[in-house]
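Grab your viewer and work through these exercises, each followed by a worked solution. Try every task yourself before you read on.

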Amino acid sequence: MGQQSRRILLVDDNRDATTVLLVLLRDMGHKVECAVDAHTALEAARRMLPEIVFVDLVLPDMDGCELARQLKREPGLDGVRIFAVTGHGDEESRRRSLEAGCDAHLLKPVDPKFLESLLGSPRRR
């Protein structure tokens, strides 16, 4: 039996990458919203109070690490789990994302089986 549906916010300006992750997460039974920039993400987070945020490190209006810091300071979001999802796998990017409060640093594209194990919910068949 799968776990309860989670509120998830995806933040990425690459619509193709967002669509793939959106479909995958919705197939798992989660409630997912998307934002293409940090400003929109902050507004969405304040409204929906996500349990999990997947954030790209390179956004058009703000560094993804700065967005992670701001999300952690928002009322009601201090316990949010933030996962950096990026094409930058170098040690410096990893260090920066973890120091900013991200719970993990994931490389695009995220493996569906790894995502299932990360979220603890099986895909719907």
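**Exercise 1.** Work out whether Leu-49 is buried, partly exposed or exposed in this predicted model, then look at its backbone.

*Solution.*
- Step 1: Start with the number, a relative accessible area of 35% for Leu-49.
- Step 2: Buried needs under 20% and exposed needs over 50%, so Leu-49 counts as partly exposed.
- Step 3: Place the residue: Leu-49 sits in the loop that links helix 2 and strand 3.
- Step 4: Check phi, which is near 45° for Leu-49, a positive value in a residue that isn't glycine.
- Step 5: Put that in context: most residues other than glycine have a negative phi.

**Exercise 2.** Find the peptide bond from Lys-108 to Pro-109 and say whether it is cis or trans.

*Solution.*
- Step 1: Go to the loop between strand 5 (104–107) and helix 5 (112–119), where Pro-109 is found.
- Step 2: Read omega for the bond from Lys-108 to Pro-109; it comes out near -10°, and the bond is cis.
- Step 3: For background, most peptide bonds are trans.

**Exercise 3.** Which residues of helix 5 are buried, and how are they arranged around the axis?

*Solution.*
- Step 1: List the buried ones: Leu-115, Glu-116, Leu-118 and Leu-119.
- Step 2: Look down the axis of helix 5; these buried residues fall within an arc of 165°, so they line one face.
- Step 3: Turn to the face pointing away from that buried side, and you meet the exposed residues Lys-113 and Ser-117.
- Step 4: Ask what covers the buried residues of helix 5: the cover includes strand 1, helix 1, strand 3, strand 4 and strand 5.

**Exercise 4.** Do the same for helix 3 (64–73): which residues are buried, and what do they pack against?

*Solution.*
- Step 1: In helix 3, the buried residues are Gly-64, Cys-65, Leu-67, Ala-68 and Leu-71.
- Step 2: Viewed down the axis of helix 3, they fall within an arc of 155°, so they line one face of the helix.
- Step 3: A reminder on geometry: an α-helix has 3.6 residues a turn, so residues three or four places apart point the same way.
- Step 4: The buried residues of helix 3 pack against strand 1, helix 2, strand 3, strand 4 and helix 4 (91–99).

**Exercise 5.** How many residues make up the largest nonpolar core, and which element gives the most to this core?

*Solution.*
- Step 1: The largest nonpolar core has 23 residues, and among those with the most contacts inside it are Leu-9, Val-11, Leu-67 and Ile-82.
- Step 2: Two or more residues each come from strand 1, helix 2 (38–48), strand 3, helix 3 and strand 4 (81–86).
- Step 3: Helix 2 gives the most to this core, with 6 residues.
- Step 4: Apart from this core lies another, of 18 residues, including Leu-22, Leu-24, Leu-25 and Leu-106.
- Step 5: Zoom in on Ile-82: leaving out residues up to four places away in sequence, its contacts include Val-53, Val-55, Ala-68 and Leu-71.

**Exercise 6.** Describe the lining of the largest pocket by residue class and by element.

*Solution.*
- Step 1: The largest pocket holds about 230 Å³ of space.
- Step 2: Its lining has 16 residues, with Ala-17, Leu-21, Val-85, Lys-108 and Val-110 nearest the centre.
- Step 3: By class, that lining splits into 12 nonpolar, 1 polar and 3 charged residues.
- Step 4: Strand 1 (7–11), helix 1 (15–27) and strand 3 (52–55) each supply at least two lining residues, and helix 1 gives the most, with 5.

Terms used
Residues are numbered from 1 along each chain as its sequence is written. This is a predicted model: local features need pLDDT of at least 70, side-chain atom pairs count only at pLDDT 80 or more; totals for chains, interfaces and linings use all residues. Side-chain values use heavy atoms; hydrogens and water are left out. On a 1 Å grid over the protein atoms alone, a cavity is a set of points where a 1.4 Å probe fits but cannot get out, and a pocket is an open set with protein on both sides within 12 Å along at least five of seven lines; lining residues have an atom within 4 Å of a point. Grid points are joined across faces, edges and corners, and a volume is the space filled by probe spheres set on the points. Helices (H or I, at least four residues) and strands (E, at least two) are DSSP runs, numbered from the N terminus. Ala, Val, Leu, Ile, Met, Phe, Trp, Tyr, Cys and Pro count as nonpolar, Asp, Glu, Lys and Arg as charged, and the others, Gly among them, as polar. A nonpolar core is a set of buried Ala, Val, Leu, Ile, Met, Phe, Trp, Tyr and Cys residues joined through side-chain atoms within 4.5 Å. Buried means under 20% relative accessible area, exposed over 50%, partly exposed in between (1.4 Å probe, protein chains only). Contact means heavy atoms within 4.5 Å. The arc is that of the directions from the helix axis to the C-beta atoms.
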